[in-house]
Amino acid sequence: MIQIINKKDCCGCAACVQRCPKKCINFKSDSEGFLYPIVDADKCIKCGLCIKTCPILNSNNKKDPIAAYAAIYKNETIRNESSSGGMFSLLATNIINEGGVVFGATFDKAWNVIHSYTQSAAELWRFRGSKYVQSDIKESYIIAKNFLKNNYKVLFTGTPCQISGLKHFLNKDYENLITVDVSCHGVPSPKVWTQYLNYLFFKQKINKQDIGNIYFREKSNGWICYNFAIKNSKEEIIYKEPHTENLFMKAFLSNLILRPSCYVCQFKQGKSNSDLTIADYWKGWEVYPQIHDNKGISLVLVNSKKGNLLYNSLKTELISFTTEYKHALKTNHGLQEIEYTNKYRDIFFKSLDKENIEKLIKKYTKIQW
Ligand SMILES: Cc1cc2nc3c(=O)[nH]c(=O)nc-3n(C[C@H](O)[C@H](O)[C@H](O)COP(=O)(O)OP(=O)(O)OC[C@H]3O[C@@H](n4cnc5c(N)ncnc54)[C@H](O)[C@@H]3O)c2cc1C
Ligand code: SF4
Ligand code: SF4
Ligand code: SF4
């Protein structure tokens, strides 16, 4: 049975939890706010399925993509609401138009980040935009498998480790499944996110009931100088701060609050086995200056034949140029394997329950980009 001795050996994908035939693995938060599996040994029948399903214990090899593209979704309104070039929304709309179902990260009513799904194009706004917090995957793999078995087209999106967890959980290929991962810098602690939000709401006198949505990548100052922002239900901005000044973004980008497994990530550069990888194409303008309008360029890595077919079928909706994988890799930190470990990470988390979050983040952040 699964036993986590070193926290770096668990990415929190919950494949083991969802696979266990006796439902005897509980997912519990540790003192840093990250979920880990804990087995109820009395109920365990020692079948070993949890170990066989774990994507860290059964990791894949690296592989180069078939093709790499700089891409911009032609729908300007949607691109503006998206973090990069709007690639997720194009893929999701296409699957829904074909009667399919889309899985991705969204907020729940208390502004926790969770995985969920939709079959409605009108609901896609909930999944749009990067949420820089580890999303609780819940029972998404089990639900996705049911849709797949009932012949629905399924688009499953998430971090590379979530996609790898899904693939290990399913343990077979489904023609009707498309998997898309995001290039991943790492995921911040849900506990730090909750503490930060409570601090922000109190300091800015924001009433939770007034909030319509929270944006980590609001683009009114452009794609590069993006803001952290909160809007009300009429889509009016009620709080906005450049990401370089926002405390939560500082803590995220200086690698202070990431899950331990992110510092030794096993899922980048093709290891997740996703069909497509989507990212920000920072420095895409070095190759194609004509597409740089500071509104967002997606980098799309095509990793499989299925991904290639889908991407080519959507090209009329895109401004799309081929690019060099090597250039993309060099300019995208999220695609690279080793994250810089912030030397203050441990002391930060040890102090989390004792000190004020504002003081703590200010004390321990040094932005490294
Ligand atoms: C935690 C995290 C770290 C990232 N790090 C990098 C990076 O270092 N470099 C880089 O180029 N790009 C990174 N990205 C990806 C980038 O921010 C965009 O999400 C991506 O380019 C897609 O943009 P879009 O315009 O196509 O769609 P958008 O609408 O902006 O993105 C929505 C997509 O992101 C997924 N998503 C959002 N939040 C989460 C979450 N918490 N967990 C899992 N999936 C989520 C949704 O399920 C959906 O598929 C990261 C994303 C996340 C979530
Ligand atoms: S060994 Fe089998 S029963 Fe025991 S925790 Fe793992 S999956 Fe569950
Ligand atoms: S990485 Fe996923 S499957 Fe492996 S132990 Fe952690 S939660 Fe379970
Ligand atoms: S950095 Fe790696 S381990 Fe961390 S969330 Fe991203 S894919 Fe998962």
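In the predicted model, Asn 151 adopts a positive phi of about 70° just after helix H5. Helix H5 itself spans residues 140–149, and its buried residues are Ser 140, Tyr 141, Ala 144, Phe 147 and Leu 148. Viewed down the axis of H5, these buried residues fall within an arc of 120°, so they line one face of the helix. The cover over the buried residues of H5 includes two helices, H1 (15–19) and H6 (160–170), together with strands S4 (101–107), S5 (113–118), S6 (154–158) and S7 (177–182).

Strand S12, formed by residues 298–302, is mostly covered, with five of its five residues buried. Burial extends to both faces of S12: Ser 298, Val 300 and Val 302 lie on one side, and Leu 299 and Leu 301 on the other. Strand S3 (residues 67–73) pairs with S12 in the antiparallel sense over five bridges, and Tyr 69 has Val 300 of S12 as its bridge partner. Strand S11 (residues 276–280) likewise pairs with S12 in the antiparallel sense over five bridges; here the bridge partner of Ala 279 is Leu 299.

Ligand 2 is surrounded by 13 residues, of which Cys 20, Cys 44, Cys 47, Gly 48 and Cys 50 come nearest. The shell around ligand 2 comprises ten nonpolar residues, one polar residue and two charged residues.

With respect to cysteines, the count of disulfides, taken as pairs of cysteine sulfur atoms within 2.5 Å, comes to zero. Cys 10 is buried, having a relative accessible area of 9%, and Cys 13 also counts as buried, at 6% relative accessibility.

Methods: Residues are numbered from 1 along each chain as its sequence is written. Chains are lettered from A and ligands numbered from 1 in the order in which they are written. This is a predicted model: local features need pLDDT of at least 70, side-chain atom pairs count only at pLDDT 80 or more; totals for chains, interfaces and linings use all residues. Side-chain values use heavy atoms; hydrogens and water are left out. Buried means under 20% relative accessible area, exposed over 50%, partly exposed in between (1.4 Å probe, protein chains only). A residue is near a molecule or strand if one of its heavy atoms lies within 4 Å of it. Ala, Val, Leu, Ile, Met, Phe, Trp, Tyr, Cys and Pro count as nonpolar, Asp, Glu, Lys and Arg as charged, and the others, Gly among them, as polar. Helices (H or I, at least four residues) and strands (E, at least two) are DSSP runs, numbered from the N terminus. The arc is that of the directions from the helix axis to the C-beta atoms. Contact means heavy atoms within 4.5 Å. Two strands pair if DSSP finds at least two bridges between them.
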